[in-house]
Each structure stands twice: as C-alpha cells, then as structure tokens.
Amino acid sequence: MAELPHLVDDMQASAPPVELALSRAGVTGVHKAIKIRRGDAETMMAADVECTVDLGREQKGVHMSRFPELFDEAIDEAVFGEAGIVEELAELIARRIVERQGALRAEVRITARWPMRRTTPVTGLPTQEMVSLIGIAAATAQGSRHVVGVEATGINACPCAQGLVAGRAAERLQEAGFDTGDIERILQLVPIATHNQRGRGTLLVGTKQHVDAETLVQLVEASMSAPVFELLKRPDELFVVEHAHLQPRFVEDSVRVALKGLLDRVPGLDDGDFVLSRQVNLETIHDHDVLAERWGTVGELRGELERGDGGRQTTLAAWLTA
C-alpha cells in the first residue's frame, strides 16, 4: 500500500501560507538540569533553556521536537568536558542547531538558578542567596559568540521622595526653633525616610576573557542602595535599612554605576567586547515598575566616559551576529 502523502512530506519544509521571513522561531521554557564547573568543583543547577533560529520566507516551520533532543546531546557532551560553564554550553547548543538543522543562525539563552553562600553583614551568620546565571550565544556557519551574565536582587531607596521628606523635616525643625546649622547637622546624622524599591539588576559581558560570575554579582549588588539577604537578624536588618537610606539611587543610577564598576574592576576588557546593564525596580507607591538599560561595546562606553563621545550603542543582537 502506498504511504499517504501527508505522512511522508516534510511539513516544516513546505511553503507557508504567507511568504514572510521570521526573525525568530523556536522553543522556550525548556527545563533541564545542568552541571556547571567552578574551579575544581561542579554544581548541579536547574536551568531554563530557550533556543530560536532565523526562519526563511519559503519555509513553513522549524522542527520544534528536535530541539530538546539536541539540548540533551549537548548537555551530555558538556559533562565530558567540552563545556563546563553556562555560556560555553549555550554556544555548544547553538553550534549544534546550525549543524544539524541547517539553520542560517541560531540563538540560545540558558538561565540557571545558582546558590551563592555568604554571611550576613553584622552577625556573620551563613546564608544562601539565589542568583540567576545567564549564558547567551549565537551561531552561524561562519562562527559563534557568547555572553555571560548574572541577575541579582537588591534594594533601592528613592532619592526624589527622600529629598521631599528632608525638605519637610527641615521646615518642622525650623518651626520648632532649631537654627540652620543644627538642622543641616541633624539631617546629615539621621537617615531620612523614603520609599524603597526591590530591584533586579542584570549585567552581561561578551568577551573571550574569563569573567568571574561572583564578581558580576558583587557589581550588580553594589550598584543598588543596599544588598538583600535571605536571613537577617536585627543588627543585620538595621545595617541594610540604614545603608540603603544613606545611599539613595534611581533606577538609572544603578545601570550607570554597574557599568562604571565593571570597567574599573575588569580593566583588561577589549574595546570590542560587549556589555549590557539592566535594572528593574518594583515600585511600592506606584502601580507600575521602572526600568533602565544601557548596552554597547566597551570602546563605546570608554569613549563616552573619557572623551564625552556619544551616539553609537551596539545592541546585543548586533554584537552576537558580528
């Protein structure tokens, strides 16, 4: 008996109903367990994987069911030594997609939840904080590139509301009979109230050099008013609250401070390397959240900081494809 045509035809390779190329098509929300190497140790982490390819105008679809199979093959291969860090694993998967699916370009993003051990700021108690370890890679037949990054949580104290509270406090102190010198001294000594925002900061770096993920976490946390901790005793809680209110920052401040901190902390980055900083603050007195971002090459950032050069800001997509 002859096989039915719809059972033997490659539906994904057939003509689409509308001949338009797609910028991205693929799978997202794939959950995998991966091993990440840190020094001589390996840590098992839960990771979310997203993989997409460019789709030509003449092709109806991609073989979605083949992506998880390729993920498993790449993860197994990584266990035996080809890739031990998240960005290398993402790059390995992207290369395999291009080779096996014949894609013009593949992009992979892996986000793993990473437990960091540290101590509380005053009492020194051990605590564990969860941060996101991010690896993004793109591959074509000509080559591949990757970036590594982290996402961490902190707290921002709003400078605007704090200024308003300080102004009102100065008026009350003046009405109570304090002179100008005493008022200024009081406002310098006493942390001024403001509304707080829980912040999520992201820092990505594209370079051939090794960049330690813990360094990136430290830079993200230092860009905010104060870090947060899962475990806090009363002296620790006092430290975090006072520290935050003595260092108020806008969402835009965090992005700029993180980027400047990266350039200072890792001075060996090449001008052609890529950086991206993103900050999202969860508002408390507004029914919306706020965000700020900056991306570009290291050379573009250095030019702006050192000479005031501005204008060009290379995007992540452009850098990965270059």
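## A guided tour of the two-domain model

Start with the whole chain: the C-alpha centres of domain 1 and domain 2 lie 40 Å apart. This is a predicted model, in which local features need pLDDT of at least 70 and side-chain atom pairs count only at pLDDT 80 or more, while totals for chains, interfaces and linings use all residues. Residues are numbered from 1 along each chain as its sequence is written, and side-chain values use heavy atoms, with hydrogens and water left out.

**Stop 1: the two domains**

Colour 22–158 + 195–321 as domain 1 and 159–194 as domain 2. These bounds come from an automatic or database domain assignment.

Now look where they meet. Nine residues of domain 1 are in contact (heavy atoms within 4.5 Å) with eight residues of domain 2. The two domains bury about 750 Å² between them, 67% of it on carbon and sulfur atoms. Select Cys-158, His-195 and His-245: in domain 1 they lose the most area to domain 2, together 59% of what that side buries. Buried area here is the accessible area (1.4 Å probe) that two parts lose on being put together, summed over both.

Four residue pairs across the domains are in polar contact, both residues at pLDDT 80 or more. A polar contact is a pair of N or O atoms within 3.5 Å; within protein, one must be able to donate a hydrogen and the other to accept it, and residues adjacent in sequence count only if both atoms are side-chain atoms. Salt bridges (a side-chain nitrogen of Lys or Arg within 4 Å of a carboxyl oxygen of Asp or Glu) number zero across this interface.

**Stop 2: strand β8 and its partners**

Select residues 274–282, strand β8. Helices (H or I, at least four residues) and strands (E, at least two) are DSSP runs, numbered from the N terminus. Seven of the nine residues in β8 are buried. Buried means under 20% relative accessible area, exposed over 50%, partly exposed in between (1.4 Å probe, protein chains only).

Which strands pair with β8? Add β6 (residues 196–206): nine bridges join β6 to β8, and the two run antiparallel. Thr-202 stands opposite Arg-278 of β8. Then add β9 (residues 290–297), joined to β8 by eight bridges, again antiparallel. Here Ser-277 has Arg-294 in β9 as its bridge partner. Strands pair if DSSP finds at least two bridges between them.

**Stop 3: helix α9**

Move to residues 298–307, helix α9. Val-298, Glu-300, Leu-301, Arg-302 and Gly-303 are its buried residues. Their cover includes α8 (251–265), β8 and β9. Just after the helix, Gly-308 takes a positive phi of about 80°.

**Stop 4: helix α6**

Select residues 213–222. Helix α6 is mostly covered, with seven of its 10 residues buried. Leu-216, Val-217 and Leu-219 are among them. At the start of α6, a side-chain oxygen of Asp-212 reaches to within 3.1 Å of the backbone nitrogen of Glu-214.

**Stop 5: two single residues**

Is Glu-107 buried or exposed? Glu-107 counts as buried because its relative accessibility is 19%. This residue lies in strand β3 (residues 105–119). Its side chain makes a polar contact with the side chain of Arg-105 (3.0 Å).

Finish at Leu-22, in strand β1 (residues 22–38). At 43% relative accessibility, Leu-22 counts as partly exposed. The C-alpha atoms of Leu-22 and Asp-54 are separated by 6.2 Å, though 32 residues apart along the chain. Leaving aside neighbours within four places in sequence, Leu-22 is in contact with Asp-54 and Leu-55.
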